[in-house]
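Subject: Structure handover

Hello,

Here is the structure I promised you. Please open it next to this email and follow along.

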Amino acid sequence: MSGRFRICHSAESRTLPELPEVETTRRGIAPHLQGQHIAELRVRQWRLRWPIPRELPSLLAGQPLGSLARRGKYLLFGFPSGTAILHLGMSGSLRLLSESTPPGKHDHVDFILGNATALRYTDPRRFGALLWTADDPEQHPLLRDLGPEPLGESFDGDYLFRRSRNRRVSSKAFIMDSKVVVGVGNIYANEALFMAGLRPGRAAGRLSRAECVRLAEQIKAVLNKAILAGGTTLRDFVGGDGKPGYFSQELSVYGRGGEPCPRCATALKSIRQGQRATVYCPRCQR
DNA sequence: ACGAAGCCCTGCAAGC
DNA sequence: TGCTTGCAGGGCTTCG
């Protein structure tokens, strides 16, 4: 690619931005933000999960972009005077496109860069958020109590074992708890439990140390695999290079209730656990 | 402290 | 065909 990003505008086939998608987004757009500044912040819809701070456009205008970091599913845009915290919710996406591209119905925010391009935030369901902190973002209330990064060194089977003692919540709810570990959403929780051979409804506190080791390993494996594939979705998730992600075709259980287990061909069971779809193999997962 | 349920929002699918 | 209803989901918030 010749230094110029692909312009993407189709709005098809988006799925939930889980950690791999957020990381893919970060990697896709970061190179295009290098050395740029915010010429203007155009907000068309202020009401997201929380309202966008009214003062954000004036805070960002003219500011040079520093680092683009990720904590869990939060993207952190570093500026000299603070940090913009962006969450994609469950239907959000970021794309790079020409400033003059007409906004669609759900294109809520444009970060207009100095080079006449726009980083456009789209979010049909508006479960996402765009906030600002002038202080250490790690101390922000939304980030303060987050558990470790699943791909970091501090997250392993021993950690899961320790944290799960005396916990009666289901294993699935446990690994989806962002205070335990960040970035494990419904899709990857289902997948990791399948790969680890663990039944989602098992109380977390009843997992053995060896099972916790397996679970931690599979969480890492599933997330890494998804990141390599470019995120689970999506033809146009990132304007970064517009490459489609193929991982959704490789999901073993998620969305496959009733289909044969890829390992033993038993029909996969689909249940609801705490308002969330859970799919597992009644034979392979104990 | 813990666990479960409620809530925010819109697009889509199913049912009448 | 066109309406209504239900469901999906992350994750904070509230309730028990």
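The side chain of histidine 106 puts an N or O atom 2.4 Å from a phosphate oxygen of DNA strand B. Keep in mind that this is a predicted model. Arginine 126 makes a similar kind of approach: an N or O atom of its side chain is 2.5 Å from a phosphate oxygen of DNA strand B. Arginine 125 goes to a base instead. An N or O atom of its side chain is 3.2 Å from a base oxygen of DNA strand B.

Which residues are around DNA strand B? They are Arg47, Lys105, His106, Pro124, Arg125, Arg126, Phe127, Arg167, Arg168 and Val169. By class, that surface has six charged residues, three nonpolar and one polar. Now look from the DNA side. Of the atoms of strand B within 4 Å of the protein, 69% belong to sugar or phosphate. The rest belong to bases.

Next, DNA strand C. It is surrounded by 18 residues, and the closest are His87, Met90, Tyr254, Arg272 and Arg276. The surface near strand C divides into nine nonpolar, four polar and five charged residues. Of the strand C atoms within 4 Å of the protein, 50% belong to sugar or phosphate and the rest to bases.

Here are some polar contacts to find on strand C:

- Tyrosine 74: an N or O atom of the side chain is 2.8 Å from a phosphate oxygen of DNA strand C.
- Asparagine 186: a polar backbone atom is 3.0 Å from a phosphate oxygen of DNA strand C.
- Lysine 73: a polar side-chain atom is 3.3 Å from a phosphate oxygen of DNA strand C.

Stay with lysine 73 for a moment. It also forms a salt bridge with glutamate 18, with the closest N and O atoms 3.9 Å apart. Why does this pair tie together separate parts of the chain? Glutamate 18 lies in the segment before helix H1 (19-33), and lysine 73 lies in the loop between strand S2 (68-71) and strand S3 (74-79), so the pair joins parts that are 55 residues apart in sequence. Both glutamate 18 and lysine 73 are buried.

There are other salt bridges to look at. The whole structure has 16. Glutamate 23 takes part in a salt bridge with arginine 26, at 2.9 Å from N to O. Both residues lie in helix H1, three residues apart, which is about one turn of the helix. Glutamate 23 counts as buried because its relative accessibility is 5%, and buried means under 20%.

Glutamate 23 has a salt bridge with arginine 70 as well, and there the closest N and O atoms are 2.7 Å apart. This pair links distant parts of the chain: glutamate 23 is in helix H1 and arginine 70 is in strand S2, 47 residues apart. Arginine 70 is buried, as is glutamate 23. Salt bridges with shared partners join Glu23, Arg26, Arg27, Arg70, Arg71, Glu138 and Glu149 into one network.

Now for a charged residue without such a partner. Lysine 172 lies in helix H5 (residues 171-176). How far away is the nearest side chain of opposite charge? It belongs to glutamate 18 and is 9.4 Å away. Lysine 172 is buried yet has no salt bridge. A polar atom of the lysine 172 side chain does lie 3.4 Å from the backbone oxygen of alanine 277. Beyond its neighbours within four places in sequence, lysine 172 is in contact with several residues, including Asn186, Leu193, Gln273 and Arg276.

Helix H4 (residues 157-164) is worth a look too. Its buried residues are Gly157, Tyr159, Leu160, Phe161 and Ser164. They pack against H5 and helix H7 (209-229). At the start of H4, a side-chain oxygen of aspartate 156 reaches to within 3.3 Å of the backbone nitrogen of aspartate 158. After H4 comes asparagine 166, with a positive phi near 65°.

Last, the whole chain. Chain A has seven helices and 10 strands. Of its 286 residues, 52% count as buried. Take the contacts in chain A with a separation of 6 or more: residues 24 or more positions apart account for 66% of them.

Best wishes

How values were computed:
Residues are numbered from 1 along each chain as its sequence is written. Chains are lettered from A and ligands numbered from 1 in the order in which they are written. This is a predicted model: local features need pLDDT of at least 70, side-chain atom pairs count only at pLDDT 80 or more; totals for chains, interfaces and linings use all residues. Side-chain values use heavy atoms; hydrogens and water are left out. A residue is near a molecule or strand if one of its heavy atoms lies within 4 Å of it. A polar contact is a pair of N or O atoms within 3.5 Å; within protein, one must be able to donate a hydrogen and the other to accept it, and residues adjacent in sequence count only if both atoms are side-chain atoms. Ala, Val, Leu, Ile, Met, Phe, Trp, Tyr, Cys and Pro count as nonpolar, Asp, Glu, Lys and Arg as charged, and the others, Gly among them, as polar. A salt bridge is a side-chain nitrogen of Lys or Arg within 4 Å of a carboxyl oxygen of Asp or Glu. Helices (H or I, at least four residues) and strands (E, at least two) are DSSP runs, numbered from the N terminus. Buried means under 20% relative accessible area, exposed over 50%, partly exposed in between (1.4 Å probe, protein chains only). Lys and Arg count as positive and Asp and Glu as negative; His and the chain ends are not counted. Contact means heavy atoms within 4.5 Å.
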